[in-house]
Number of protein chains: 2
Amino acid sequence: MLRLNMERDLLGMFEPKSIAIVGVSRDPKKVGAIVLKNIIRSGYAGKIYPINPNIDSVGNLKFYKSVNDLPEIPDLLVVAVPAKMANIVVEEAGKFGIKNAVVFSAGYKEEGEEGEILENELKNIAQNYNINVLGPNCLGFNNKKNNLNVTFGADIKKSDSLRIISQSGAIATALVDWGETINLGIDSLVTLGNKAVVNENDILNYWNDDGYHPTGLYLESISDGKELINILKKYAKNNPVFILKPGKSVGAVAAMMSHTGAIAGEDSILDEVIKESGAVRCEELSDFFDLGMAFKSGKIVSGPSVAVVTNAGGPAVLTTDTIEKYGLKLAKINEGARKKLIEKLPRMASFVNPIDVLGDSLSARFGEALEIVLQEKSVDSVVAILTPQLMTEIEKTAEIISKLSEKYPQPIFCSFIGGNKIAAGENILNKKNIANFDYPERAIFCLSKLYEWYKNKQNINYELKITNYEFNSEVVKKIISEAKKNNQKVLNNFQSNKLMEVLGLDAPVEEKVAGVAEAIEFAKKNGWPVVLKISGGDLLHKTEVGGVVVDIRSEYKLKKSFEKIKRDNFEMQIQQQIEGGVEIILGIKRDPNFGPVLLFGAGGKMAELVKDRNLRLLPLTEDKVKSMITESKVYALLNGFRNDKVYDLTELYKVIFALEKLMIETPEIEEIEINPAIITHDKTFCVDVKVKI
Amino acid sequence: MLRLNMERDLLGMFEPKSIAIVGVSRDPKKVGAIVLKNIIRSGYAGKIYPINPNIDSVGNLKFYKSVNDLPEIPDLLVVAVPAKMANIVVEEAGKFGIKNAVVFSAGYKEEGEEGEILENELKNIAQNYNINVLGPNCLGFNNKKNNLNVTFGADIKKSDSLRIISQSGAIATALVDWGETINLGIDSLVTLGNKAVVNENDILNYWNDDGYHPTGLYLESISDGKELINILKKYAKNNPVFILKPGKSVGAVAAMMSHTGAIAGEDSILDEVIKESGAVRCEELSDFFDLGMAFKSGKIVSGPSVAVVTNAGGPAVLTTDTIEKYGLKLAKINEGARKKLIEKLPRMASFVNPIDVLGDSLSARFGEALEIVLQEKSVDSVVAILTPQLMTEIEKTAEIISKLSEKYPQPIFCSFIGGNKIAAGENILNKKNIANFDYPERAIFCLSKLYEWYKNKQNINYELKITNYEFNSEVVKKIISEAKKNNQKVLNNFQSNKLMEVLGLDAPVEEKVAGVAEAIEFAKKNGWPVVLKISGGDLLHKTEVGGVVVDIRSEYKLKKSFEKIKRDNFEMQIQQQIEGGVEIILGIKRDPNFGPVLLFGAGGKMAELVKDRNLRLLPLTEDKVKSMITESKVYALLNGFRNDKVYDLTELYKVIFALEKLMIETPEIEEIEINPAIITHDKTFCVDVKVKI
């Protein structure tokens, strides 16, 4: 389907004044009947038109024979009939003028070829009649703010700020059940299913208002990456967005295909996309649930310093390990606060962070210690750890924490650890909207994500300035068109080197030589070692026929090598072998979903050992490039390793911006990868350049 | 205290026929009174002698004035008085002939200098009178098997196989409360506190019987590493042992010091120790709790293949990612099973693993799918994922799973995801000893640990054969004693090279040269590049005074360098600069706790980038060395990277066994590190050798 770059009007979908439902039978266990019951029970105040040709009415509710039989054009059509029939109904509705439909039916793309045909048909119908279709293969939506439950799942009991977009109905269902148990309210919940028409971007666009709405996205596919980035850059400024997207493993990719028909892109790019859009990423289902709870207070974590107050030494030690693991740090307790702690706590307590109020602490002591650290401006967040010891006043401690949370700006995350004994305390925390975690490590994880959101949203507005790197683009076009004429998919060595030359970038010195004497002269001038090869053809082919010798370090070996590989009718070529310096990989690839992406990291042999893939979306800025380089692992080598000097990276920046300009001006180039480029103290050599066209 | 290498007799501690308690006051909230109450209430059948000079009796219970006043020597003395007085009481008890004491009192080593003096005093008393002291600063122990609760915490309700040793009383308390909630029984629980006398090794020794007892250890310090390894090698053969030990971060090390006075050793060695001993390691508190639950069924995970059966697509996709992350794999469903699944499940279900029985599945369908995969011998374990959807029969499904678990040998781990709706199902699983996890990722984590235990315990019995690498140990002794005479802490370059020569190991070719012509001759013979240095003194010093030039690649540069650094009264030295090949690090260090440990990994520049620390405890075997090398990251380079040939590692093995023999025969050497050693296709060059003495 052609995606129009315009916002869908989803008001009629999510706040309909009238709803028609197809597929309501007398069997109360069937989906249609359940949805009807849910709509009524949720408190919906608009008109309801159930459709079934065989039923006149049920109770006071009048039924209609078909869509065409309806007394008005309803804002929303709910479709609960099998796939084939669903398409017919949606088309009928389109003709009738209906603009919004929820299709519950399964049996589409997730079911293989036959289903895919049906889904394409549904897409075409939606496009022809301009219908917003939610689904198919979805659970519907629940708009608690407007008291409307258009799902065949449970009602949401409590309204609050949280919003959920989930491609999986089951995850939504489980979250609602869990949320009810811990008093976590929900504002809106939309399940997307196969996303034939309406996708996550449409929903986020529709929601893009002010307010504060933590928003969780469970996605098996990204519908339009570039649009998602643009939308999130606005949306995630006010609303914490946390995204759970599986697909790191081969098995998961196959499982997604058979679940919602989703096809996964390269996963690592998504990390960068989410970060640059001001959102945060979840790794596991527990992250998704826990962050739903963690963001609800609306409190901001604006710095990394965590104070831990505990009645239990062991868990505090474990928490400390985790604080470092997740990039946070233990807040320093300054002298004033320390004195207050010494005054209030018993002699055997620990006055350095983590602050151990001891196992025999009553609620008052716990509260006093908490208040002392909350008064410190250097404390960005607080974790309260409680285990049910002999004298522990569990409920009272929970009450005191609730009050302190109202009084002070920092978030207090709790971990009351145990089972039955701590349950009453947990309930109090839940009621007061204080996040409580089964284990303190989870509290730390969530704090780190709150802080990550705070940092990411600061960085959303990069100043976008495409650098004006100058080169002769006519020559570039000539190289490409020549290669195309030859039906090449990859530039050959000669063409690649020519390209580097046009861009004004450095490559190893190379010369054609007539005889051994000239070759020795070259080596003496340019330094050992050298590479000797027969000229012409591509490198791979030459290697196969034994036409290349690398690592020549002496005249003796150069002479022997020359004799060995020289051939009639071929010229000989000698090349400087760049040694020393730091090998990097540098490339730009056009991602089908997110556009061109720059890759930087350790190159050559090291690339095999070090996972050092640092990505940035184009367009680049100096800041983005700088952060990419300094975050990389190979930066340890560039920044003065052992006795080596710090490398001047001016030439590296030059190469990067040259490649960016090349990719922007030359859509024919699919991908460029330089591995290795070698950064020396003078130059950055593009040694092995691969250009896909 | 001198640790005697003999087993403590702890029968009187854990199965006493008589117990005396010091510190029982009339205040029922004080520790002494609570312990007394706990001992009585837990059903203890032996004699009880409360001691308080000011009380004659309480109810029917006669009190005694002091230890000396007791009518017999009790098997166990419980001490619940402040630290200073506790020491006096224990000494009195020692004189009286008491052999076992539990000391609850805090205020010892965890409290700084003053407390450390008290703790040393307590240790001396224990040694003088041969008393087994548990604690101080502990919560006591709970021996459910013998109905004896000697803690001031809660009773354990249910007896089962699980055993816990915890240095933290709070973690034990929380685990007992959590365990009660999920029907997790406990056999024995011992809290160690400061471990002044009795430590984890003593407890494990005492427990070392047959049976099956999953055993969790929370330790802030390891008391005697070598002994622990020996004990675990026996104990962990039958009993899964899972160890939680914090201390990866700087902050945690400080926090442990003020909690139980524990001093942490290097953390990474512990991973290797645990693995080699046949145990598994936890990272977080949730791991510790969850493994307590996961091991209870006693079922074995003897292979990596997991079958997932689910009524929810999304969570199954996430689970699949996790299976790969934790080194397990999705079980292949063979054609026969697939046919059965197709027969039993609806058309839209997923018949490849993960098997999606669909959201509308009733319990029967869920059970049929489970049974089909359980019948497959290729399935090593099963995960059942359930979300509370419209028609889900939660309790019935739990019942069916329980029955299948009794019938088939594979473990079935469940993840019923949600809150109130799934609670009743959870309860059934808990009652039937089926592990149920809040999130499926936790189930996978635990399965991976069950499998890890299975693998680790297979490897416990290495055939220990110290290789007979031959060298002239007299010369080695001479080198060392010479260095010692000079008060050196590190061997100099000359001595290290000499040492390598004696061991018969290769180092770069080196020659003294009289003039430039000789130097050029050397370079032409041995190949470029070369290193030129003034002779004598240590390398560091020479570099400082500009007496070294590396990376000389041409005659021109060699001539210039020679002129530049040559000095009157100094000879010149020229050395082959080894290029190409693979740089590794190789070292043996004497760990104070676990003895000599071999380190192997990527070396040179790469060591800075790649975390590639692979450790093995001495003594080595060929198998151990082989697994160490193949598990390393640098192995990717050794095993034929790109066009490079596979490296023959015979020379590397030779170096490793030479170093082992050197360390065993030369206790004067504290540490040896070669970084880099360079592995080429001919040789392994020990380029930069550092020997600490």
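In which strand of chain B does B:Pro676 lie? B:Pro676 lies in strand 27, which covers residues 671-679 of chain B. The legends below describe this residue and other sites in a predicted model.

**Figure 1. Cis peptide bonds at Asn675 and Pro676 in chains A and B.** In chain B, the bond joining B:Asn675 and B:Pro676 is a cis peptide bond, with omega about 0 degrees. The residue that follows this bond, B:Pro676, belongs to strand 27 (residues 671-679) of chain B. In chain A, the peptide bond from A:Asn675 to A:Pro676 is cis, and its omega is near 0 degrees. A:Pro676 is found in strand 27 of chain A, residues 671-679. Most peptide bonds are trans, and most residues other than glycine have a negative phi.

**Figure 2. Positive phi values at A:Asn433 and B:Asn147.** A:Asn433 is a residue other than glycine, yet its phi is positive, near 65 degrees. The loop that holds A:Asn433 runs between helix 15 (420-431) and helix 16 (440-458) of chain A. With a relative accessibility of 25%, A:Asn433 counts as partly exposed. B:Asn147, likewise not a glycine, has a positive phi of about 55 degrees. B:Asn147 is placed in the loop between strand 8 (140-143) and strand 9 (148-151) of chain B. At 34% relative accessibility, B:Asn147 also counts as partly exposed.

**Figure 3. Helix 10 in chains A and B.** Helix 10 of chain A, residues 285-294, is largely enclosed by the rest of the structure, because ten of its ten residues are buried. The buried residues of this helix in chain A include the aromatic pair A:Phe288 and A:Phe289, and among them are also A:Asp287 and A:Asp290. A:Gly292, A:Met293 and A:Ala294 of helix 10 are buried as well. Helix 10 of chain B (residues 285-294) is mostly covered, with ten of its ten residues buried. Among the buried residues of helix 10 in chain B are B:Leu285, B:Ser286, B:Leu291 and B:Met293.

**Figure 4. Surroundings of A:Gly303 in chain A.** A:Gly303 is located in the loop between helix 10 and strand 15 (305-310) of chain A. A relative accessibility of 4% makes A:Gly303 count as buried. Leaving aside residues up to four places away in sequence, A:Gly303 touches A:Asp380 and A:Tyr451. A:Leu450 is 147 residues from A:Gly303 along the chain, and the C-alpha atoms of these two residues are separated by 9.7 Å. Across chain A, 70% of the contacts between residues at least 6 apart in sequence join residues at least 24 apart.

**Figure 5. The largest cavity and its lining residues.** A search of the whole structure finds five cavities of 30 Å³ or more. The largest cavity holds about 100 Å³ of space. Residues from chains A and B line this cavity, including A:Pro388, A:Lys421, B:Leu139, B:Asn142 and B:Leu189. Helix 5 of chain B (residues 169-181) provides the largest share of the lining, four residues. By class, the lining comprises six nonpolar, four polar and two charged residues.

**Figure 6. The axis that relates chains A and B.** A turn of 180 degrees and a shift of 0.0 Å along the axis lay chain B on chain A with an RMSD of 0.2 Å. This is the relation of a two-fold axis. In chain B, the C-alpha nearest the axis belongs to B:Val610 and is 2.9 Å from it. The same surface serves both copies, as 100% of the contact residues of chain B recur in chain A.

**Figure 7. Cysteines A:Cys414 and B:Cys686.** With sulfur atoms within 2.5 Å required for a disulfide, the count over all chains comes to zero. A:Cys414 is in no disulfide, and the nearest cysteine sulfur, that of A:Cys446, is 13 Å away. A:Cys414 is buried, with a relative accessible area of 0%. B:Cys686 is buried too, with a relative accessible area of 0%.

**Figure 8. Overview of chain A for orientation.** The secondary structure of chain A comes to 25 helices and 29 strands. The C-alpha trace of chain A spans about 100 × 80 × 40 Å along its principal axes. Of the 693 residues in chain A, 59% are buried.

Note on methods:
Residues are numbered from 1 along each chain as its sequence is written. Chains are lettered from A and ligands numbered from 1 in the order in which they are written. This is a predicted model: local features need pLDDT of at least 70, side-chain atom pairs count only at pLDDT 80 or more; totals for chains, interfaces and linings use all residues. Side-chain values use heavy atoms; hydrogens and water are left out. Buried means under 20% relative accessible area, exposed over 50%, partly exposed in between (1.4 Å probe, protein chains only). Helices (H or I, at least four residues) and strands (E, at least two) are DSSP runs, numbered from the N terminus. Contact means heavy atoms within 4.5 Å. On a 1 Å grid over the protein atoms alone, a cavity is a set of points where a 1.4 Å probe fits but cannot get out, and a pocket is an open set with protein on both sides within 12 Å along at least five of seven lines; lining residues have an atom within 4 Å of a point. Grid points are joined across faces, edges and corners, and a volume is the space filled by probe spheres set on the points. Ala, Val, Leu, Ile, Met, Phe, Trp, Tyr, Cys and Pro count as nonpolar, Asp, Glu, Lys and Arg as charged, and the others, Gly among them, as polar. Copies are superposed by least squares on the C-alpha atoms of residues with pLDDT of at least 70 in both.
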